[in-house]
Amino acid sequence: MKINIKKLVFFMSMMLSANIYAQVGINTDEPTRMLDVDGNLKVRSLGDKSSNTTTYNRVLVTDNLGNIDAINLTDLKNQINEEIVENKLIYYTGTAPISSEKLTCGRFQFSFRPSTTPGKNLDIMVNLVDNPNQEVTAYYTIFRKWGNYNLKYYKANGKTFTTSNYATPQLLCPQLDKNSTGEVYLSYPGEANYYRVYFLGRENHRVGQTVHNSYTITCEKF
């Protein structure tokens, strides 16, 4: 059925009062979808919903035939992020690690926290940036250097995140002393990206008798 714009207005008014199951074509005799337009499309007024991505969480996309569909906004962002190479650094000084100071790198956030072990200075923590919408396990390998020892293998393991705990930091490497370093290699399941993260806490300066340390985290995402 081939109709012009005036006829479209008539059909749209009918849709408001009745169920129509036929496909409608504009400038085409053979529509392949409920509304098939052979021509340009113009929308004169669109609201800005950039502050409400919880409700407006889908993005319109088209294929090379002009078929319009949608993909999830978070999935789109993750696909774009997967293609981006990142080099990130966070640095601060203080008398103790600050848990809220986080380095965001790709899928992950990394941070220090004061160690719960007496005589130790800090722990290395990790959490996800976005809700994975399912249970995922990120696998990693850690190398550590402390005292007069050279950098050596420490452990390999995985951290499991769910829709309820993804934003809660999990212990990645415990009980680092000041002037010791941690080197972590990890990946996110189902993605080709590879992360290399370095952690360093060491004495920086003194104010009177109070020691102020520097805390550094660097991340490379390939």
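Buried means under 20% relative accessible area, exposed means over 50%, and partly exposed covers what lies in between. The exercises below use these cut-offs on a predicted model.

**Exercise 1. Decide whether N193 is buried or exposed, and find what its side chain contacts.**

Solution.
Step 1. Locate the residue: N193 sits in the loop between β13 and β14.
Step 2. Take its relative accessible area, which is 5%. The cut-off for buried is under 20%, so N193 is buried.
Step 3. Look for a partner of the side chain. A polar atom of the N193 side chain lies 3.1 Å from the backbone oxygen of F222.

**Exercise 2. Describe the sheet that contains β13 and β14, and state which strands stand at its edges.**

Solution.
Step 1. Write down the strand order. The sheet is open, has six strands, and runs β6-β15-β14-β13-β10-β11 with antiparallel pairing.
Step 2. Find the ends of that order. β6 (86–94) and β11 (152–161) each have a single partner strand, so one side of each is left without a neighbour in the sheet.
Step 3. Add the geometry. On average, neighbouring strands of this sheet are turned by 20° against each other, direction ignored.
Step 4. Examine one pair in detail. β13 (residues 180–187) and β14 (residues 195–207) run antiparallel and are joined by seven bridges. In this pairing, T181 stands opposite L200 in β14.
Step 5. Recall the general rule. Strands of a sheet pair through backbone hydrogen bonds, either parallel or antiparallel.

**Exercise 3. Work out which residues the salt bridges of E86 join into one network.**

Solution.
Step 1. Start from the total: the structure holds seven salt bridges. As background, side chains of opposite charge can pair when their charged atoms come close.
Step 2. Take the pair of E86 and K88. Their closest N and O atoms are 3.2 Å apart.
Step 3. Take the pair of K221 and E86, with 3.7 Å from N to O. This pair links distant parts of the chain, since K221 is in strand β15 (residues 210–221) and E86 is in strand β6, 135 residues apart.
Step 4. Classify each residue. E86 is buried at 12% relative accessibility, and K221 is buried at 1%. K88 has a relative accessible area of 34% and is partly exposed.
Step 5. Take another salt bridge, D123 with R113, whose closest N and O atoms are 3.0 Å apart. D123 lies in strand β9 (residues 122–128) and R113 in strand β8 (residues 108–114), so the pair ties together parts that are ten residues apart in sequence. D123 is buried at 1%, whereas R113 is partly exposed at 26%.
Step 6. Combine the bridges that share partners: E86, K88 and K221 form one network.

**Exercise 4. Name the residues of the nonpolar surface patch that includes L46, and classify L46.**

Solution.
Step 1. List the members: L41, V43, L46, L60 and I68. Together they have about 590 Å² of accessible area.
Step 2. Place L46: this residue is in the loop between β3 (35–37) and β4 (58–62).
Step 3. Apply the cut-off. L46 has a relative accessible area of 71%, and exposed means over 50%, so L46 is exposed.

How values were computed. Residues are numbered from 1 along each chain as its sequence is written. This is a predicted model: local features need pLDDT of at least 70, side-chain atom pairs count only at pLDDT 80 or more; totals for chains, interfaces and linings use all residues. Side-chain values use heavy atoms; hydrogens and water are left out. Two strands pair if DSSP finds at least two bridges between them. Helices (H or I, at least four residues) and strands (E, at least two) are DSSP runs, numbered from the N terminus. Axes are lines fitted to C-alpha atoms, for helices over the stretch in contact, and angles run from 0 to 180 degrees between N-to-C directions. Buried means under 20% relative accessible area, exposed over 50%, partly exposed in between (1.4 Å probe, protein chains only). A polar contact is a pair of N or O atoms within 3.5 Å; within protein, one must be able to donate a hydrogen and the other to accept it, and residues adjacent in sequence count only if both atoms are side-chain atoms. A salt bridge is a side-chain nitrogen of Lys or Arg within 4 Å of a carboxyl oxygen of Asp or Glu. Patches are made of residues with over 30% relative accessible area and no salt bridge: like charges are joined within 9 Å, nonpolar side chains (Val, Leu, Ile, Met, Phe, Trp, Tyr) within 5 Å. Accessible areas come from the Shrake-Rupley method with a 1.4 Å probe; for residues, only the protein chains shown count as cover.
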